[in-house]
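Trainee: Could you take me closely through one part of this model, the open sheet and what packs on it? I would like a connected account rather than a list.

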Amino acid sequence: MTEQDCFEFSHLFSTNYGRWGQSAPENKRGKRIKMSSQRYRSLRDMEDMYVSYCQDDGIIIGSCFFLKKRLENGKVCVWITQLVVNSMYRKHGIAKRLLQSAWGFSDYSAWGLATANSITIKALESVTWRKVDPTEIMDHIDDIRTLCASLPYSAGAISLDSNISFINTSFPVEREKHYDIDNIYIERLGNLPEGQEWLAYTFQSQPIMFDNKRFEEMLSFSAEQLNDAYSRMDMQNQPWARGTSKEVDSIIQLAGFNPGSTLLDVGCGQGRHSIEFANRGFDVLGIDASEANIERAKCKTCNDAVEFKQWDARKRLKGKSFDCAICLYDVIGSYRTLEDNTAIIHQLANKLRKGGRAVISVMNMQYMKLRAQLRGSVHDNPQLIFQLEASTNMQERGDMFDTRFQLLDEDKHLVYHKEQFEQDGLLSAEYVVADYRFTQSELSEILLQEGFNILESRFVRAGHFEESLPENHDNAKEILFVVEKK
C-alpha cells in the first residue's frame, strides 16, 4: 500500500461506508462515518493484515481488509475487518469477488466478520458455501476469541447461544434496511441490539450448501483468474522449463525453421523460447494473455529482434503475417471449452503466411486415461470437485500430471485440479484449474479443418522433443505436431 492507496481507501470508506446511528453521540448522529489515511497506514503496518481491492479506470471502488492468522493449533482463520463498495457499483457482485480473493484455501479453518448488514452475511455464506450457524460458532468460540485478540480494534463482549450471535463492537452504525434478508438473519442470529453487530462465521468442518449456480460461479471465477495463476508459476526454477536451448534445437530441425524468418510465439509466457529464437537470428513477436508474464519477459532481454505484447490468443491479431510460429505446452488446452481452444488454432492459422510452418504441443489425454485415480462427470456430480485435495504443484513445480490431485472428466475431455499459491508477495489464493486434454486424432482433425497439413505428429516429454515415444509411455505427457499452412 502506497500513500496514495491510503488516501483512496480513506476516501472510499468516508464517502460510502455508512452513517452513525441513533445511539451515537448527538454530534455524530446521521453523519458519515469516516476513517483517516492515518488509520489505513496503521492497518498497512499490521502483521497478518491483507487487503483485496477493486479498481475501475485506476480508481479504487471496493476494498476488503482482512486478518489472516495461523493459530497455535495450526488452524488458519480469517476475520474480515472491513468490507466497503462504492454505492454506485453495488449489486454487481463486487463484494463477493473481494471475499473470493480474500480466501479459498482448502486448508482454511474459519471465515468470518462482524456486521450489522444482512447483505454482507449473505455474501459470506455465498462465497464460503456454508451457513452461518450459532451452534457452530459456539463449537469454535475459542479460535474466534484468539483471533479477536489480534484485531486492530478492541472487540467487546460476545453474546452467544443457539439462537443469537452478537458482538459488542461499540460501533453504532445506521442500519440499511433489507427487510426480507434481515428477517432471515434475525430469526437465525437474533434481533440485533443497537450498537452491536452480528458475529457471523462459517467453518471448513461444516457441510457444503451446494447448487449448480454457485459451482459455475466458482469455475468462472477461476477461469477469469487463470492468467494470474500461470503468471505465479516459478518458471525459472521448474525442471520442465530448463531445456529451452535443446527444445529450440529440436524445433528448428523438425520444422526446418530458418534464421532471418519472422516467428510468432503464441502463449510465450515469460519469453524463454522467444528470446532464444531471437538470439539465433529470428525476428520474434511473443504474445501472452498475462500482463505479469509479458512484463517479466521484457525485463529479460535487450535484443531488438524480439517484441512482447499482451494479447488474448483467441482474438484476431492485426499486423503482418509470419513465416513460422510456435505454440507450446498447454496454451491450446488451457480453456475449458473446445471452442475457445480451437479459436487459438484458428487465429494462429490467420497469422501464418501460405506455406508457413508451426510447431504445436498439447497435453496427452491418453496419459490421463490410463492413470487417473479420480474419475467422473462433473456435470452429473459436481461434488467430485470437493473430493480433490489442493496442491502447490503448479506454483512450485509446474507439474500438470500429478494424478493424486486430479479429477478426469473423460466425457468433457477435462482434467480438474485445485492449485494453491502463496508466499510470493501476492494474495494467497486457490483456483480450480480445468485443462482440456486432446487425443492425437482429435487435434489432427481440428488442424486439418483449420487449413493445416500435418507434417509430423509424435508423443514427447518436456525438454526432449527430438525423441518420439510410444503413446502409453510413462513420459509421453505431450503430443507434438509440426504443421504447414495450406
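Mentor: Two strands count as paired if DSSP finds at least two bridges between them, and with that in mind we can begin at one edge of the sheet in this predicted model. In E10, the residue Glu307 is the bridge partner of Leu285, and strand E9 (residues 283–288) is joined to E10 by five bridges, the two strands running parallel. Strands of a sheet pair through backbone hydrogen bonds, either parallel or antiparallel. The sheet to which these strands belong is open and has eight strands, in the order E10-E9-E8-E11-E12-E19-E17-E18, with mixed pairing. Its edge strands are E10 (306–310) and E18, each of which pairs on one side only. On average, and with direction ignored, neighbouring strands of this sheet are turned by 25° against each other.

Two helices that pack on the sheet deserve attention next. H13 touches strand E8 (262–266), E11, strand E12 (352–363), strand E17 (452–461) and strand E19 (478–485), and the direction of H13 makes about 150° with that of E12. Helix H16 (residues 440–449) also packs on the sheet, where H16 touches E12, E17 and E19, and its direction makes about 155° with that of E17.

The edge strand E18 also brings us to the aromatic rings, for which the count comes to 16 pairs in the model. Among them, the rings of Tyr40 and Phe65 have their centres 5.3 Å apart and their planes at 50°, so this pair is tilted. Tyr40 lies in helix H2 (residues 37–44) and Phe65 in strand E2 (residues 59–70), 25 residues apart, and the pair thus links distant parts of the chain. The pair that involves E18 is that of Tyr329 and Phe465, whose ring centres are 6.2 Å apart and whose planes stand at 45°, so this pair is tilted. Here too distant parts of the chain are linked, with Tyr329 in the loop between strand E11 (322–327) and helix H13 (338–351), Phe465 in strand E18 (residues 464–469), and the two positions 136 residues apart. Because buried means under 20% relative accessible area, Tyr329 is buried at 9%, and Phe465 is buried with a relative accessible area of 0%.

Conventions: Residues numbered from 1 in each chain as written. Predicted model: local features only at pLDDT ≥ 70, side-chain atom pairs only at ≥ 80, totals over all residues. Heavy atoms only, no water. Phe/Tyr/Trp six-rings, centres within 6.5 Å; stacked < 30°, edge-to-face > 60°. Helix = DSSP H or I, 4+ residues; strand = E, 2+ residues; numbered from the N terminus. Buried < 20%, exposed > 50% of the residue type's maximum accessible area, 1.4 Å probe, protein only. Axes fitted to C-alpha atoms, helices over the stretch in contact; angles between N-to-C directions. Contact = heavy atoms within 4.5 Å.
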